[in-house]
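Reader: I would like to learn how to read a few features of a structure, one at a time. Could we start with the surroundings of one residue and move on from there?

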Amino acid sequence: MTTTPTSSLSSANGSQFQFSGIVSGLDTTSIISQLMAVESQPQTNLKNAVAAQQNQVSTLQSINAALVALSSQADTFNSGSTWTQLTATSSSSAVTVAATSAAPQGSLSMTVGTLASAAQLGFTTPHALTDVVATPGSSLDVTLTDGTTASVATGDGTLSSVISALNGLKDPSGKPQLVASAVNVGGGQVQLLVSAASTGAGSLSISDAGGASFFSAVTASAGSNASLTLGAGITATSTTNTFTDLLPGVTVTLGGGTPTGQPIALNITDDGSSRANGVNQFVSSINSLFTTIQSTTAYGVVGSDGTVSGGGALPGDLDLSSVVGNLVNTIFPPGNTTMATLGLDVDKTGALTFDQSKFEAAYQADPAGTQQSIMDWVKRVQTVSDNASLPSSGTLSQSIQGMNDQIAQENSSIADWDTRLQLKQQQLETMYTNLETQLSTLQSQQSWLSSQLGSLDSGWAQNSGS
């Protein structure tokens with residue numbers, strides 16, 4: 001039985017590697033691979049460090065973006081989209097009212113005369129969808145509610161084709177102008193119902209240029225505008241059931257079931273409730289940022305084997321901890337005062353709290369003073385956010401830039417290691433190739449010497465025998 005030569009090599013940590021080969025008995029490929037693993041360990045450490053730093057940069061960028069968003073949210077207090085909205089209500093659940101800061105405060109009574117409706121045509125003769133109701137290859141002449149006319153191809157003249165053609169009629173902007181439907185009336189029969197796509201006063205008409213009688217049996221219903229009376233003989237109309245800027249900053253929408261001919265009361269007040277919603281949303285955004293930062297800066301748990309489990313990407317980061325502390329301090333105005341009477345406070349976990357009832361009570365008692373205090377607080381929050389997130393001067397922005405610079409340097413070192421390791425591998429491959437070549441040569445010489453010695457032994461034996 002023939003065995004393959006083997007030998008062993010001890011590593012630095014004492015482990016044994018077994019190799020086998022044809023000439024040397026060594027698995028040179030495996031030896032080179034393991035030697036290269038040792039040689040490349042510094043590069044591996046660099047790659048691991050870069051991966052960890054990239055994760056930290058990504059985390060910082062996410063928090064930085066949240067701070068930018070918080071600063072933008074603070075701007076809405078100045079623009080009015082969050083802070084200066086008024087509370088608008090109506091005495092009818094079917095009528096909705098929206099008011100901006102430009103709306104006048106007070107009460108208003110209105111009476112709805114009509115609701116906006118769309119013009120309709122009902123074709124009274126039942127047919128199957130496959131029945132020919134229009135002249136094939138001809139066209140339909142359509143008069144729209146605004147008085148304009150259009151031509152629609154009939155195709156094969158079937159009711160199905162007519163419905164598709166009517167639904168395909170669009171204005172220059174691509175908006176459909178008609179809604180054509182097949183109403184199932186039983187027995188496999190349908191009746192055609194055509195409506196204007198938009199509400200408003202006006203009538204529809206459709207005729208077949210080829211003279212098909214189907215379009216002469218029709219019941220027409222004109223569309224109507226919505227109308228309401230505001231008193232003192234003033235009547236407002238709208239082609240839709242929405243009255244935009246009925247009063248400055250006031251939009252009224254008439255829903256289904258809106259009563260007509262009955263007074264409906266509209267009330268526009270500034271009781272602080274809509275402003276309280278804006279403050280509450282702002283506080284929620286700050287607390288959400290706190291939660292993210294706290295998980296990011298948390299320390300992990302060190303196990304008995306020295307490994308760390310859990311923890312955030314940036315445990316104990318001072319810049320992030322400073323952001324949290326500075327945001328908490330914004331609710332404590334200069335002069336050792338507090339905003340607790342306005343509903344703003346901090347709990348034992350470090351989160352901000354907001355008591356809406358306290359805020360609304362304070363606002364009712366002193367609207368101007370309460371508004372100024374909140375606006376000052378919002379400005380302080382925005383300053384903290386900007387100091388951390390501004391692209392050129394923000395503390396977090398500078399940290400991100402510094403880490404990116406370091407990552408770039410380390411990536412350059414990694415690239416240098418690629419070249420160095422490639423040369424090292426070539427050296428090892430050359431060395432072991434030469435070793436195999438030398439061993440092969442020695443083995444050939446050994447074989448030749450053995451052959452020569454064998455010949456001498458054979459000759460000696462023959463001479464001795466003779």
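Author: Note first that this is a predicted model. A contact list is a good place to begin. Leaving aside neighbours within four places in sequence, Trp83 is in contact with Thr76, Phe77, Arg275, Val279, Phe359, Gln371, Ile374 and Met375.

Reader: Where does Trp83 lie along the chain?

Author: Trp83 is in the loop between α2 (41-79) and β3 (87-90).

Reader: Is Trp83 buried or exposed?

Author: Trp83 counts as buried because its relative accessibility is 1%, and the cut-off for buried is under 20%.

Reader: How far is Trp83 from Trp448?

Author: Their C-alpha atoms are separated by 101 Å, with the two positions 365 residues apart along the chain.

Reader: Next, the nonpolar core. Which residues have the most contacts inside the largest one?

Author: The largest nonpolar core has 44 residues, and those with the most contacts inside it are Val279, Phe282, Ile286, Leu327, Ile374 and Trp377. Two of these names, Val279 and Ile374, also appear among the contacts of Trp83.

Reader: Which elements supply at least two residues of this core?

Author: They are α2, α4 (273-296), α5 (318-329), β21 (352-354), α6 (356-365), α7 (367-389) and α8 (395-465). For a view from one core member, take Leu327: beyond four places in sequence, Leu327 is in contact with Leu70, Ile286, Leu289, Phe290, Val381 and Val384.

Reader: What does the second core include?

Author: The second core is separate and has 26 residues, including Val142, Leu169, Leu178 and Ala196.

Reader: How should I read aromatic pairs?

Author: A pair of aromatic rings is described by two quantities, the distance of the centres and the angle of the planes. In this model the count comes to 7 aromatic pairs. One of them joins Phe77 and Phe282, at 5.2 Å centre to centre with 65° between the planes. That pair is edge-to-face, because the angle is over 60 degrees.

Reader: Which parts of the chain does that pair link?

Author: The pair links distant parts: Phe77 is in helix α2 and Phe282 in helix α4, 205 residues apart. Phe77 counts as buried, at 1% relative accessibility. Phe282 is also buried, with a relative accessible area of 0%.

Reader: What is the geometry of the pair of Phe282 and Trp377?

Author: Phe282 and Trp377 are edge-to-face, 5.3 Å centre to centre and 80° between the planes. This pair too links distant parts of the chain, with Phe282 in helix α4 and Trp377 in helix α7, 95 residues apart. Trp377 counts as buried because its relative accessibility is 0%. Ring pairs thus link Phe77, Phe282 and Trp377 into a cluster.

Reader: Rings can also face a charge. Which charged end sits over the ring of Trp417?

Author: That of Arg420, which is 4.3 Å from the ring centre.

Reader: Now polar side chains. Which backbone oxygens does the side chain of Ser238 reach?

Author: A polar atom of the Ser238 side chain lies 2.9 Å from the backbone oxygen of Thr240, and the side chain reaches the backbone oxygen of Thr242 at 3.0 Å. Ser238 lies in strand β14 (residues 235-238) and counts as buried at 12% relative accessibility. Not counting residues up to four places away in sequence, Ser238 touches Ala116, Asn225, Ala226 and Phe243.

Reader: What does the side chain of Thr297 reach?

Author: The Thr297 side chain reaches the backbone oxygen of Ile293 at 2.9 Å. Thr297 is in the loop between α4 and β18 (301-302) and, at 13% relative accessibility, counts as buried. Beyond four places in sequence, its contacts are Leu314, Pro315, Gly316, Asp317 and Leu320.

Reader: Last, strands. How many bridges join β7 to β11?

Author: Strand β7 (residues 139-143) is joined to β11 by 4 bridges, and the two run antiparallel. Thr143 stands opposite Ser205 in β11. Strand β11 (residues 205-208) has Ile206 and Asp208 on its covered face, and Ser205 and Ser207 on the uncovered one.

Reader: Which residue in the hairpin of β15 and β16 takes a positive phi?

Author: Gly249 does, with phi near 80°, in a hairpin that has 2 residues between the strands. β15 (residues 242-247) and β16 (residues 250-254) pair in the antiparallel sense over 3 bridges, and Thr242 stands opposite Thr253 in β16.

Technical notes. Residues are numbered from 1 along each chain as its sequence is written. This is a predicted model: local features need pLDDT of at least 70, side-chain atom pairs count only at pLDDT 80 or more; totals for chains, interfaces and linings use all residues. Side-chain values use heavy atoms; hydrogens and water are left out. Buried means under 20% relative accessible area, exposed over 50%, partly exposed in between (1.4 Å probe, protein chains only). Contact means heavy atoms within 4.5 Å. A nonpolar core is a set of buried Ala, Val, Leu, Ile, Met, Phe, Trp, Tyr and Cys residues joined through side-chain atoms within 4.5 Å. Rings of Phe, Tyr and Trp (its six-membered ring) pair if their centres lie within 6.5 Å; planes under 30 degrees apart count as stacked, over 60 as edge-to-face and the rest as tilted. A charge sits over a ring if NZ of Lys or CZ of Arg is within 6 Å of the ring centre and within 35 degrees of the ring normal. A polar contact is a pair of N or O atoms within 3.5 Å; within protein, one must be able to donate a hydrogen and the other to accept it, and residues adjacent in sequence count only if both atoms are side-chain atoms. Two strands pair if DSSP finds at least two bridges between them.
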